[in-house]
Structures are given as structure tokens and as C-alpha cells.
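Student: I am new to this structure and would like a close look at a single part of it. Please take one charged pair, and then work outward from there.

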Amino acid sequence: MKTQVLYKIFILIALFILSVAVLIGVPFIGMTAISINGIFSKTTGSFIFWNIRLPRVLIAFLAGSALAASGAAFQAMFRNPLATPFTLGVAQGAALGASLYLWLGLRFDTFGFSGISFFGFLGAAAAILIVYGLTRLKKGFAIYTILLAGVVVSFFFSSLILFIQYVSDFTQSLYIMRWLMGGLETVGYRSVLDIAPFVLAGNVIIILFANELNLLVIGEDIAVSRGVDLRRTKIVLFLSVSMMVGVVVSVCGPIGFVGLIVPHICRLVIGHDHRYLVPAVIFFGGIFLTFCDMLSRTLIAPAEMPVGIITALLGAPFFIWLLFRK
């Protein structure tokens, strides 16, 4: 037992060190080579490093950690290994809000958010409220009710997005389609500041509820017998995690499969105990999406591929492997 704990602690330390190395090293990788001395000089390379590559790496790491930790939390809550942050319609809500913003041709900033991020956030919040409202109508907070309500909201919002694309002109339809592919393009640190508080708060809440997640995986009856307040636990996790995902999607677009791939890989390495699994997922999720974004910037340079395509290309075979593994 002691050896297993030491092994898990060693894995977490290794992931932390690797995360720091990725955050420091990846900004130097790109179509234009930048030296260490070059980042401290008043050159184009220095501007690219501090205002484009570093903020982009920070967004990728934050978004990856949020999506991965949310996937781990939802898979424990629903006792379903295929549950992801996109199960409950939150991503589709954010996508619908962004699609409306682009279709209406709006251009504004509010509350420190860009207009498209603000509309995406409103769409995600609407999805959360609708799912929560449907669950309340059943006079309970059962897992299957949340799941079914999320599926219904997801399909409904997806239909509205298709309708908006159909009635849009060519330019608007192209913008909407590009946003739906997911992307981490940014200049400056505004987007980082937009999502960082929500990601940090959401991840801390998931870590604090690690013991409850362990008991929920075993079964609700056992969790109740061990003193878990099921209703409070479900509401806090559902609302906080969904809001975190909604903010990330409103800024970065819907980036799929991160919440599916990362938790399963981490379980194979570190086990199912959420006290160790959640921190591992947070670190590895950030590393994974940062690596995918690096590929999106370099594979077909000087052109750039949406990072959502990279995660989908990796995620689809992984999903098939999950379906057929014992």
C-alpha cells in the first residue's frame, strides 16, 4: 500500500515537472525560431513570444486542464466512462450563443469579455439553467434525469445552430463553422484572464470533492451511508463544473474528446482514486491540449489547423478502442 502511494506521488511530481517544462518550452516552438536571448530584446521575435505564443500556451493549458478535470468529474458522477463535458449540452449552449453573435453581426465588448465570449457564456449559462430546471421539475436530482435532460438540450441547441447556419450568408456561415472547430488563437492576455479564475475555481472544487467522487463511483447508497450529502454534492459539482466548461468553450470554441481521452489515460497510469486522479488529470489535460495546439500550429505551417480537428483525429480512434476494450 505504501509503495502504491509513493508511486502515485512520484507520477504527480513527474507530471508537475513536465507541465512546467511544457509551459516554458512550447512557446519557443513554431514556424519562426526564437532564441532565449531574443525574447528579451525589442524585436519581432520578442513580440511574438510574449504576446502571441505565451498567451496561447497558457490558454491551451488552462482549457485542457478544465476539460479533462470536468470529464473525470462527470464520469464519476454519472458512473459512465464515456461521459464528457459535452454530455449535458453546455458546449452546445456556448456554441449557440457564439453562432447568434456572428449571425447578428454584432461587435462589442462587455464586462471585460469580448462580445463572442460573452454570448457564448450566456448560451452556456442558458443550457445549465434549462438542464437544472428540467431536473427540478422531476422533483429530484437523479443522475439519469440530468443525463437525459442534457442530451435533449444538446440536440435542441445543435438543431438551432444548424438553422442559424442555414439562414446565414456565406461569410457568416464560414465564420460560424470555423468557430465550431475550436481554436486558441489570441493576441495578448485578455482571454487568459477571462478563463483563469473560472478554471482555477472549478478545478479546486473538483479536488475538494475527490472523496465524494470516489464514493459516487461505487454507488449512491454507499455514498449516503458514508455521510455524503448527495443533493448538495451533485448540485455543487454540476453547476461549478458546467460553468467552468461554459466559460472555456465561450472563449476557445468547442474542443472535443479532451475530457474523454485524458481521464482514461490517467486511470491506466495512476489508478481510480480521485485524490490522485484529479490532480493528474489537471496536469496531463493541460499538457495534452498544449501539445495538440503545437501540432495545429506546425503541421501545415505557415497555414494553421483548428485544434479541434487535431483532438478529434486523436479522439475518434481512442473512442473506438474504449468501446472494444474489455
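Tutor: Arg56 and Glu304 join their side chains in a salt bridge, with 2.7 Å from N to O. The model is predicted, and this distance, like the other values here, is computed from it. Arg56 belongs to helix α2, while Glu304 sits in the loop between α12 and α13 (307–324), so the bridge ties together parts that are 248 residues apart in sequence. Side chains of opposite charge can pair when their charged atoms come close.

The two partners can be taken one at a time. Arg56 has a relative accessibility of 7%, so it counts as buried. Glu304 has a relative accessible area of 35%, so it is partly exposed.

The pair also belongs to a wider arrangement. Arg56, Asp293, Arg297 and Glu304 are linked in a network of salt bridges. Within this network, Asp293 forms a salt bridge with Arg297, and their closest N and O atoms are 3.8 Å apart. Both Asp293 and Arg297 lie in helix α12, four residues apart, which is about one turn of the helix. An α-helix has 3.6 residues a turn, so residues three or four places apart point the same way. Asp293 and Arg297 are both buried. Helix α12 (residues 274–298) has the highest mean pLDDT among the elements of the protein, at 95, and strand β2 (residues 113–114) has the lowest, at 72. For the protein, the mean pLDDT is 88, and 97% of the residues reach 70 or more.

How many salt bridges does a search of the whole structure find? The search finds six. One that can be set beside the network joins Glu185 to Arg178, with the closest N and O atoms 2.5 Å apart. Glu185 has a relative accessible area of 44%, so it is partly exposed. Arg178 is partly exposed too, at 31%.

Helices α2 and α12 come up again around helix α8 (residues 210–218). The buried residues of α8 are Ala210, Leu213, Asn214, Leu215 and Leu216. The cover over these residues includes α2 and α12, along with α7 (190–208), α9 (220–225) and α10. Just after α8 comes Gly219, which takes a positive phi of about 155°.

Two other residues have a positive phi although neither is a glycine. For Arg79, phi is about 50°. Arg79 lies in the loop between α2 (44–77) and α3 (90–104), and at 42% relative accessibility it counts as partly exposed. For Phe257, phi is about 75°. Phe257 is placed in the loop between α10 (230–252) and α11 (258–270), and its relative accessible area of 29% makes it partly exposed.

Helix α10, part of the cover over α8, also holds Met243. Met243 counts as partly exposed, at 25% relative accessibility. Leaving out residues up to four places away in sequence, Met243 touches Phe121, Ile128 and Phe198. Met243 and Phe198 are 45 residues apart in sequence, yet 7.7 Å apart in space from C-alpha to C-alpha.

The cysteines add a further point. A disulfide is a covalent bond between the sulfur atoms of two cysteines. The count of disulfides here comes to zero. Cys252 is in no disulfide, and the nearest cysteine sulfur, which belongs to Cys292, is 13 Å away. With a relative accessible area of 2%, Cys252 is buried. Cys266 is likewise in no disulfide; for this residue the nearest cysteine sulfur is also that of Cys292, 14 Å away. Cys266 counts as buried at 6% relative accessibility.

Last comes a part of the surface without charged side chains. Leu6, Ile9, Ile13, Phe16, Ile17, Val20 and Ile24 make a nonpolar surface patch of about 640 Å². One of these residues, Ile24, lies in helix α1 (residues 2–25). The relative accessible area of Ile24 is 52%, so this residue is exposed.

To return to the starting pair: Arg56 in helix α2 and Glu304 in the loop between α12 and α13 are far from each other in sequence, at 248 residues, and their side chains meet in a salt bridge that is part of a network with Asp293 and Arg297.

Definitions and conventions. Residues are numbered from 1 along each chain as its sequence is written. This is a predicted model: local features need pLDDT of at least 70, side-chain atom pairs count only at pLDDT 80 or more; totals for chains, interfaces and linings use all residues. Side-chain values use heavy atoms; hydrogens and water are left out. pLDDT is the predictor's confidence in each residue, from 0 to 100. Buried means under 20% relative accessible area, exposed over 50%, partly exposed in between (1.4 Å probe, protein chains only). Contact means heavy atoms within 4.5 Å. A salt bridge is a side-chain nitrogen of Lys or Arg within 4 Å of a carboxyl oxygen of Asp or Glu. Patches are made of residues with over 30% relative accessible area and no salt bridge: like charges are joined within 9 Å, nonpolar side chains (Val, Leu, Ile, Met, Phe, Trp, Tyr) within 5 Å. Accessible areas come from the Shrake-Rupley method with a 1.4 Å probe; for residues, only the protein chains shown count as cover. A disulfide is a pair of cysteine sulfur atoms within 2.5 Å.
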